[in-house]
Amino acid sequence: MQAIKQIFQVAKWSFIDWLMDIRQIFVLAVLICISNYTVMPLVNMSKDKDVPINILEPFLANINSVYIILIILFCWLVLISDYPKMEGNNGYILIRINRITWLIGKILAFVFGAIVYLAELVIVFTARALGSGFFANGWSYLMRDYMEKYSLEGDIYKIICVVREDIFNHYLPYAAFRKTLVLLLGLLCALGLVMTAASLSKSKLEGLLCNLILIVGGFLFVQTGNPSCCWLPVANVMLGEQATQLIRLVPKNFSYIYFGVLCAMLFVCCLILVRWGQVQKDGER
């Protein structure tokens with residue numbers, strides 16, 4: 001019981017410190033700008049055509065856009081670029097609790113952070129659609145017929161982000177929303193674990209480079225349609241890629257297994273590093 005209390009104490013203060021970082025404002029501003037660029041044209045067209053959209057469609061459209069997901073992941077990297085912070089009182093904390101407890105608390109803190117970031121994404125990409133959207137578990141008429149009937153008008157409204165046809169042919173909105181949240185949470189946690197392992201091995205720069213390679217490499221593979229894209233994280237978050245013939249080569253629940261195994265391996269790596277590595281008592285690395 002004492003260990004659990006200590007874990008949550010470490011997680012609490014680490015999470016508050018992360019949440020109060022000035023970079024939160026910068027990232028939120030970037031997300032709002034993306035919303036203006038991708039969601040507003042769709043909302044304007046919906047209002048002018050008097051055809052409501054599902055409020056989840058803007059969120060799903062953005063997450064499944066190969067360009068927007070790239071920006072979203074880069075924003076997350078900005079937020080965790082120096083995580084876990086080695087506070088000045090780090091040595092004092094390590095004297096009072098063991099290293100494993102400290103590590104689990106730090107990991108729990110960025111899991112909370114990932115959940116908050118997901119909440120920000122949902123709010124930013126759905127808030128603008130509330131006035132012209134509906135909550136029913138069905139795709140909108142505008143979205144289903146966009147490719148055939150609204151393509152020219154979409155160019156006029158400068159719509160660049162819609163739910164792909166291979167998504168609404170395989171998922172209902174609520175199911176697509178739930179699966180996207182779980183998979184995106186898995187990806188955010190995996191990136192955070194990479195940074196944690198890099199910090200414990202005194203190589204945060206290498207951790208950032210590794211995360212950039214995972215993201216950019218996934219982006220490039222998705223662009224080319226190479227079957228190998230299913231072995232990199234980005235494709236496993238985008239439902240549109242999972243619905244293609246290429247991704248059907250793997251089991252239907254492959255993405256869940258992928259992130260589960262990836263996060264478990266990274267967690268074990270962090271345990272090994274914190275158990276046999278050297279965490280300086282003065283908070284320096």
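A salt bridge is counted here when a side-chain nitrogen of Lys or Arg lies within 4 Å of a carboxyl oxygen of Asp or Glu. The exercises below concern a predicted model.

**Exercise 1. Find how many salt bridges the whole structure holds, and work out which residues they join into one network.**

Solution. A search of the whole structure finds 2 salt bridges. Begin with Arg23 and Asp21, whose closest N and O atoms are 2.9 Å apart, a distance to be held against the cut-off of 4 Å. Both of these residues are buried. Next, take the salt bridge in which the side chains of Arg23 and Asp82 meet, again at 2.9 Å from N to O. This second pair links distant parts of the chain, since Arg23 belongs to helix 2 (residues 23-49) while Asp82 sits in the loop between helix 4 and helix 5 (90-96), 59 residues apart. Asp82 has a relative accessibility of 26% and therefore counts as partly exposed. Finally, put the pairs together: through shared partners, the salt bridges join Asp21, Arg23 and Asp82 into one network.

**Exercise 2. Identify the helix that gives the most to the largest nonpolar core, and describe that helix.**

Solution. Start from the core itself, which has 86 residues, with Leu73, Trp76, Tyr117, Leu121 and Leu184 making the most contacts inside it. The helix that gives the most to this core is helix 11 (residues 173-200), with 14 residues. To see one of the core contacts in detail, look at Leu121, which touches Leu31, Phe59, Ile72 and Leu184 when residues up to four places away in sequence are not counted. Turning to the geometry of helix 11, its 28 residues reach 40 Å from the first C-alpha to the last, close to the 40 Å expected at 1.5 Å a residue. Of these 28 residues, 22 are buried, so helix 11 is largely enclosed by the rest of the structure. After helix 11 comes Lys202, whose phi is positive, near 60 degrees.

**Exercise 3. Determine which residues make the nonpolar surface patch, and which helix gives the most to it.**

Solution. The patch covers about 510 Å² and is made by Phe74, Leu205, Leu209, Leu212, Val216 and Leu220. Sorting these residues by element, helix 12 (residues 204-224) gives the most, with 5 residues, whereas Phe74 is found in helix 4 (residues 68-80). As a last step, check the accessibility of Phe74: its value is 31%, and Phe74 therefore counts as partly exposed, while membership of a patch calls for over 30%.

Definitions and conventions. Residues numbered from 1 in each chain as written. Predicted model: local features only at pLDDT ≥ 70, side-chain atom pairs only at ≥ 80, totals over all residues. Heavy atoms only, no water. Patch = residues over 30% accessible without salt bridge, like charges linked within 9 Å, V, L, I, M, F, W, Y side chains within 5 Å. Areas by Shrake-Rupley, 256 points an atom, 1.4 Å probe, with all protein chains shown as cover. Helix = DSSP H or I, 4+ residues; strand = E, 2+ residues; numbered from the N terminus. Buried < 20%, exposed > 50% of the residue type's maximum accessible area, 1.4 Å probe, protein only. Core = buried A, V, L, I, M, F, W, Y, C linked by side-chain atoms within 4.5 Å. Contact = heavy atoms within 4.5 Å. Expected span 1.5 Å × (residues − 1).
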